[in-house]
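Q: Could you walk me through one part of this model in some detail? I would like to start from a single side chain and work outwards.

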Amino acid sequence: MKYEQKDVIITLFLKDGGLVKDFHDHAPARDAEDMIRSCNIHGIDKIILFDLSDDEREHEENLHIMKNICVLAEMPVYAGGNINSVDDIKKILYAGCRKVILNSLKNETAQLARQGEQRFGRDHMALSIFNVDLFFKQKDSVEEYISELVVLDEKLAGTMDNVTDMPYSILLQEVTPERIRDILLTDENITGISACIFCEGPEKVPELKQYLKTCGISTAHLVSSVEWSSLKLNADGMIPVIVQDYQTNHVLMLAYMNEEAYQTTLETGKMTYYSRSRQELWIKGLTSGHYQYVKTLQVDCDRDTILARVSQVGAACHTGNRSCFFTEIAEADSLQASLYGVLSRVYDVLKTRKVQPKKGSYTSFLFEQGIDQILKKVGEQTLDLIFAAKNPDKEELTYQTTDLLYHVLVLMAERDITLNDVLEELMMRSIA
């Protein structure tokens, strides 16, 4: 196959600031946040969004939820609908979407594709296809300015290779796994498939991927490059596993795997261990619902310890704490912490001072004075930073930068903006 790994895609429809069932049925669907979190942990490889808004107000509302979806989603997001100008393309890309999906039914699409390609690059341009005749009328422009097709009529499955060798994904109505298998085998240019059954519940995707694997169709699932036999085991035939939150890098727990647990983890994408106390296989979260979904597995230089970076649902510890390592034994002051760790620690102290004021604390004073005083200090520190930057004194500039950063963190704490909110926004702007 030309595109050997096939994506399992979910296509979602936005209407009135929420998800609806499809193009024609605008009945409310699943809560957007709940849907995206389910996509993250059940193996959805890509999200396609279509904005079905009727006016500019609704369009802006849907752009807002589109942005929230991009923040939550741990996979690429494409979006189409109501794209009439380069400014519309910019809004969607700046919302965090990987690609915009232009509409092949619109007369101005070829010109818009050219403008979008010149401004943002071909890799950010996709096109929805409803019929082959319309595609032929603009085929040269499409192949020059568009990097990918999204086929919205499943009757075109198996025919696109006679039309173009461009990569494409295809949207199906409710179908069986066997039907999905057959379509994925029809054309080497199919990159992925979306079906209504995924919208009803992404929870079915791991089972589908396992089925496709037995049919010789590769999807994005865990494939180990390290054989169990190459690992150095302890006297009980097991290997210790350090579990880490893939976003914060916080260490969550330590557990052990035997070979069955190792293979089960690879097959299901859920962290599975061997319980030494119960002498049985242990799927983390099976009882509590606090599953750990694998992001990466790494082995150390001696091959006697595994590091698992995971998406943790709820608490890792049976005590209800996020991490099992919550009891402090000793701590030495150190400046050798990560920038995120330092900022996170300062932010946590600020949040504490907000709800539990401390006598004599400057931070508590700022919160007591309210937003106007906080904004006044941010303004003053900004001016101080500007003046410091005009002078060659690096130490003064460092001092004033730190002062401004502190007051910005106070403002964030006052308005309940988290560090993750800012970092996620910053990461999405990498396209600019």
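Is K354 buried, partly exposed or exposed, and what is its relative accessible area?

A: Happy to take a close look with you; please keep in mind that this is a predicted model. K354 is partly exposed, its relative accessible area being 27%. Buried would require a value under 20%, and exposed one over 50%, so K354, at 27%, belongs to the class in between.

From here, let's follow the side chain to its partner. K354 forms a salt bridge with D416, with N and O 3.8 Å apart. The cut-off for such a contact is 4 Å. This pair links distant parts of the chain, as K354 belongs to helix α11 while D416 sits in the loop between α14 and α15, 62 residues apart.

D416 has another lysine partner to show you: K351 also meets D416 in a salt bridge, here with 2.5 Å from N to O. K351 is again a residue of helix α11 (residues 339-355), and D416 is in the loop that runs between α14 (394-414) and α15 (419-428), so this contact ties together parts that lie 65 residues apart in sequence. Like its neighbour in this story, K351 is partly exposed, with a relative accessible area of 25%.

For contrast, here is a salt bridge inside one helix. E61 pairs with R57, and their closest N and O atoms are 3.0 Å apart. About one helical turn separates the two, because they are four residues apart in helix α2 (residues 56-72). E61 is partly exposed at 33% relative accessible area, whereas R57 counts as exposed at 52%.

Stepping back, the whole structure holds 22 salt bridges. In general, side chains of opposite charge can pair when their charged atoms come close.

Two of the helices we have just met also bring us to the largest pocket, which has about 1,200 Å³ of space. Both α2 and α15 are among the elements that each supply at least two residues of its lining, together with α1 (32-41) and β16 (306-312). The biggest share comes from α15, which gives six residues. In total 34 residues line the pocket, and V71, A73, E74, Q247 and E424 lie nearest its centre. By character, the lining divides into 18 nonpolar, nine polar and seven charged residues.

So, starting from K354, we have gone to its partner D416, and on to a pocket whose lining draws most on α15.

Definitions and conventions: Residues are numbered from 1 along each chain as its sequence is written. This is a predicted model: local features need pLDDT of at least 70, side-chain atom pairs count only at pLDDT 80 or more; totals for chains, interfaces and linings use all residues. Side-chain values use heavy atoms; hydrogens and water are left out. A salt bridge is a side-chain nitrogen of Lys or Arg within 4 Å of a carboxyl oxygen of Asp or Glu. Buried means under 20% relative accessible area, exposed over 50%, partly exposed in between (1.4 Å probe, protein chains only). On a 1 Å grid over the protein atoms alone, a cavity is a set of points where a 1.4 Å probe fits but cannot get out, and a pocket is an open set with protein on both sides within 12 Å along at least five of seven lines; lining residues have an atom within 4 Å of a point. Grid points are joined across faces, edges and corners, and a volume is the space filled by probe spheres set on the points. Ala, Val, Leu, Ile, Met, Phe, Trp, Tyr, Cys and Pro count as nonpolar, Asp, Glu, Lys and Arg as charged, and the others, Gly among them, as polar.
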